[in-house]
Amino acid sequence: MGNYLLRRLLQGVPVLFLITAIVFMVVYFIPGDAAMVVLGQSATPERLEAMRHRMGLDEPLPIRYGLWLKQIAQGDLGQSLVYQLSVWTLIGRAFPITLYLTLFSLLIAVAIALPAGMLAALKRNSWIDLVATTWAFLGVSIPGFWLGIMLLIVFGVKLQWVPLSGYVSPFDDVGASLKTMILPSFTLGVFLSGPLTRYLRSSMLQTMSQEFVLVARAKGLAERKVIARHILRNSLIPFVTVIGVQLGYLIGGAVVIENVFALPGVGDLAVSAIGNRDYPVIQGVVLVVAAGFVLINIVIDVLYAILDPRIRVGRGAV
Amino acid sequence: MATTLEPVEQTGLLDATARLRRPRRTLVARMLAGAVTWKTFTLGLLLIGVFLLCVVFAPVVAPYDPAKPNFKALLQQPSGGHLFGTDDKGRDIFSRVVYGTRVSFKIAVVSVGLATLVGLPLGLFAGFYGGLIDATISRLVDAFFAFPPILMAIAILAIKGPGEQSAIIAIGLIAIPEFARVSRSAMIAEKENEYVLAARSIGASVPRIIFRGILPNTLGPVVVLISLGFAFAILNETALSFLGLGAQPPTPSWGADLAQARRYIRDAPWLSIFPGLAIFFLVLSLNLTGDGLRDLMDPRRNRR
């Protein structure tokens with residue numbers, strides 16, 4: 001097991017390295033002068049030159065990349081050019097909100113997909129199956145930001161059950177916090193529930209046609225036990241991996257949904273940083289999210305290996 | 001053969017009983033499933049056709065100039081004169097939705113084209129050669145997969161600055177990994193065939209084997225990928241425009257118009273309904289077509 005963990009972690013290293021290179025290149029090519037962002041349009045050429053030198057902007061590309069790598073290896077993402085704050089501070093403020101939104105919507109998506117996918121597979125070709133597959137299909141076709149606006153019109157404007165915008169921390173007021181987060185989380189969760197339902201359905205159908213299910217039935221196990229112990233358990237493993245893969249889309253979706261509901265999360269931070277040309281912030285946000293995504297997938301692979309011993313031995317995972 | 005009973009291998013017996021237990025689908029059931037597939041596929045194509053008509057004949061279909069303000073008709077509700085109502089500058093929403101197809105189609109077609117032109121050869125070569133080339137390309141694709149698509153697009157838009165052209169590049173780039181991955185696995189499945197060996201043995205060049213021999217045989221998954229890629233591109237394009245990073249006003253654009261409409265959800269909620277419905281129906285029709293194609297091309301899949 002330790003061996004597998006080590007191998008999987010080592011595989012993540014080149015990917016993380018490439019990610020830093022991509023992030024660095026993206027920011028390197030951003031037009032506009034970082035020194036001018038700091039000093040303002042009216043700065044004299046001499047002061048700009050001095051600032052460029054201080055920020056290391058006059059060094060050649062590979063040296064700048066090396067310096068930056070050294071800096072982030074020490075856990076320093078730099079300072080925002082616009083706010084007098086470190087990038088970590090800004091991310092630290094915004095990230096919990098995005099995490100809250102992501103986890104809440106994941107919960108909603110699983111709460112929809114688990115029963116929907118299960119029932120659709122067990123009652124294949126029935127009306128339940130039709131409803132579940134149609135739901136899955138509509139879920140991935142509805143643009144999330146539009147669904148969010150429609151829900152706001154119904155529950156915010158007409159029924160006035162929820163506020164139209166704003167964020168309340170759950171540590172201040174749990175009820176009010178849930179009220180502000182339920183619509184964004186549902187919006188995001190609907191989108192994710194589509195693919196999750198489809199995966200669970202087809203993975204259960206596949207498991208149901210396996211011989212060990214036949215054996216379980218043949219030895220006289222109650223149908224409930226066959227489903228819970230044999231079919232569902234074996235179908236949940238690929239389901240968990242799919243959740244990991246979909247997390248990237250979930251975070252991407254969160255960027256847009258935060259905008260609809262005016263939540264001050266990571267997406268909001270990134271979008272406003274583009275407007276301000278605050279590139280250490282863009283760099284920091286993209287890097288932290290991508291690195292987090294790689295780590296989550298490693299954790300999921302390891303979990304997967306704990307659940308299914310076949311993965312640890314044998315073929316080097318691709 | 002002797003009449004003595006051979007000990008039946010356990011798996012063989014199970015295999016046989018499993019086959020007995022699993023009822024064969026009757027001819028009628030199979031035809032029905034096929035008809036459903038055909039129906040969704042045709043419905044999808046028909047809807048796409050309607051949108052294409054709007055793209056080509058926008059000036060004929062739209063009753064008003066989509067960009068011309070009319071200060072005598074601000075924020076009007078849907079009526080006979082203005083089917084979908086008017087926006088805060090008195091512009092006709094229906095005309096803007098019709099013209100909005102043009103921007104969305106343009107961005108989607110060019111970005112999917114870009115993703116195909118770059119991603120497809122990358123994946124085909126990786127799958128064909130294997131080894132170090134495959135490992136390098138695959139790791140690169142892995143790294144790109146680590147970026148949530150919209151976030152990657154935002155980072156790219158930060159370089160290029162907001163606008164249509166930047167949106168095309170951003171959406172195309174974030175689709176490349178998927179194209180490379182699918183074509184790579186299609187290639188790996190296909191290259192073991194004997195005709196490839198035959199082509200090699202008569203001395204055909206590698207590009208010839210890949211593009212003339214193997215590519216036509218892997219078109220199934222590629223065509224499906226392209227049609228689903230369109231759906232993905234439209235969703236991303238409208239999302240980026242909604243964030244103010246895509247097509248810029250006053251160009252009629254569904255995403256940008258929705259961002260404007262978001263300000264009037266109290267006083268004029270109808271502004272938000274129609275551009276979103278347009279996106280929904282277009283994405284739905286692309287998904288229907290893509291899924292239908294996949295089922296039609298792969299008889300083994302019979303409507304999973």
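**Exercises on a predicted two-chain model**

Chain A holds 13 helices and zero strands. The model is predicted.

**Exercise 1.** State how confident the predictor is in chain A, and find the helices with the lowest and highest mean pLDDT.

*Solution.*
- Start with the whole chain: mean pLDDT is 82, and 94% of residues in chain A reach 70 or more.
- Then go by element. Helix 13 (residues 309-312) of chain A has the lowest mean, 64. Helix 5 (residues 87-122) of chain A has the highest, 90.
- Where pLDDT is low, coordinates should not be read in detail.

**Exercise 2.** Compare the end-to-end span of helix 8 of chain A with that of a straight helix, then locate a kink in helix 8.

*Solution.*
- Count residues: helix 8 of chain A has 35.
- At 1.5 Å a residue, a straight helix would reach 51 Å.
- The end C-alpha atoms of helix 8 are only 42 Å apart, so the span falls short of the straight value.
- Now look along helix 8 of chain A. A kink of about 35° lies at A:Met181, shortly before the proline A:Pro184.

**Exercise 3.** Describe the side of chain A that touches chain B: its residue count, main contributor and composition.

*Solution.*
- Count first. The contact takes 42 residues from chain A and 40 residues from chain B.
- List the elements of chain A that give two or more residues; among them are helix 1 (2-28), helix 8 (174-208) and helix 12 (279-307).
- Rank them: helix 10 of chain A gives the largest share, eight residues.
- Sort by class: 35 nonpolar, six polar and one charged residues.

**Exercise 4.** Give the burial and contact range of chain A.

*Solution.*
- Of the 318 residues in chain A, 35% are buried.
- Take contacts in chain A between residues at least 6 apart in sequence: 70% join residues at least 24 apart.

Conventions: Residues are numbered from 1 along each chain as its sequence is written. Chains are lettered from A and ligands numbered from 1 in the order in which they are written. This is a predicted model: local features need pLDDT of at least 70, side-chain atom pairs count only at pLDDT 80 or more; totals for chains, interfaces and linings use all residues. Two residues are in contact if their C-beta atoms, placed from the backbone, lie within 7 Å. Helices (H or I, at least four residues) and strands (E, at least two) are DSSP runs, numbered from the N terminus. Ala, Val, Leu, Ile, Met, Phe, Trp, Tyr, Cys and Pro count as nonpolar, Asp, Glu, Lys and Arg as charged, and the others, Gly among them, as polar. pLDDT is the predictor's confidence in each residue, from 0 to 100. The bend at a residue is the angle between axes fitted to the seven residues ending there and the seven starting there. A residue is buried if 20 or more other C-beta atoms lie within 10 Å of its own, exposed if 12 or fewer, and partly exposed in between; C-beta atoms are placed from the backbone.
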